[in-house]
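Please look at the sequence and the structure together, and keep both in view while you read.

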Amino acid sequence: GFKGGEGVPPGNYGNYGYPNSGYSACEEENERLTESLRNKVTAIKSLSIEIGHEVKHQNKLLAEMDSQFDSTTGFLGKTMGKLKILSRGSQTKLLCYMMLFSLFVFFVIYWIIKLR
């Protein structure tokens with residue numbers, strides 16, 4: 001028999017043998033968790049895409065810095081080479097200047113001693 005005009009006879013649960021209230025609560029919980037998981041997956045996907053863009057940008061900057069360091073190293077190497085060539089050439093000049101200065105000091109001292 002039907003009681004109080006209900007559409008479902010007593011003892012007969014609507015969906016798959018589960019009570020209506022318990023099944024719908026589980027279904028709502030599953031839907032909520034699924035939506036939460038979907039949002040987290042979307043956030044992780046967008047974050048990983050942003051990380052990829054950032055990595056590409058950093059790699060580009062590193063490549064530019066590497067080429068700048070190479071050009072600077074080449075420039076410094078050329079400058080050091082020129083300095084070595086100059087120092088080789090100027091060692092004889094420096095030696096001559098030292099000899100002339102020594103002779104000058106020697107003559108000054110000799111002159112001071114002779115004047116006494």
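The paragraphs below go from the whole chain to its side chains and its surface.

This is a predicted model, in which local features need a pLDDT of at least 70 and side-chain atom pairs count only at pLDDT 80 or more, while totals for chains, interfaces and linings use all residues. Residues are numbered from 1 along each chain as its sequence is written, and side-chain values use heavy atoms, with hydrogens and water left out.

The pLDDT, which is the predictor's confidence in each residue on a scale from 0 to 100, averages 81 over the chain, and 79% of the residues score at least 70. Over residues 2–6, however, the pLDDT is below 50, and beyond near neighbours in sequence this stretch has two contacts in the model, a contact being heavy atoms within 4.5 Å. Where pLDDT is low, the predicted coordinates should not be read in detail.

The chain contains one helix and zero strands; helices (H or I, at least four residues) and strands (E, at least two) are DSSP runs, numbered from the N terminus. Helix α1 covers residues 20–115. Of the 116 residues of the chain, 0% count as buried, where buried means under 20% relative accessible area, exposed means over 50%, and partly exposed lies in between (1.4 Å probe, protein chains only).

Which side chains meet in salt bridges? A search of the whole structure finds two such pairs, a salt bridge being a side-chain nitrogen of Lys or Arg within 4 Å of a carboxyl oxygen of Asp or Glu. One joins Glu29 to Arg32 at 2.7 Å, N to O, and the other joins Arg38 to Glu35 at 2.8 Å, N to O. Glu29 and Arg32 both lie in helix α1, three residues apart, which is about one turn of the helix, and the spacing of Arg38 and Glu35 in helix α1 is likewise three residues, about one turn. Arg32 counts as exposed because its relative accessibility is 51%, whereas Glu29, at 36%, counts as partly exposed. Arg38, at 46%, is partly exposed, and Glu35, at 37%, is partly exposed.

Further along the chain, an unreviewed UniProt entry annotates residues 94–113 as "transmembrane region"; such annotations may be inferred rather than shown by experiment. In the model this span is 100% helix and 0% strand, and its end C-alpha atoms lie 28 Å apart.

A nonpolar surface patch of about 960 Å² is made by nine residues listed by name, among them Phe101, Trp111, Ile109 and Leu115. Patches are made of residues with over 30% relative accessible area and no salt bridge, with like charges joined within 9 Å and nonpolar side chains (Val, Leu, Ile, Met, Phe, Trp, Tyr) within 5 Å. Ile109 is found in helix α1 and is partly exposed, because its relative accessible area is 46%.

Conventions:
Areas by Shrake-Rupley, 256 points an atom, 1.4 Å probe, with all protein chains shown as cover.
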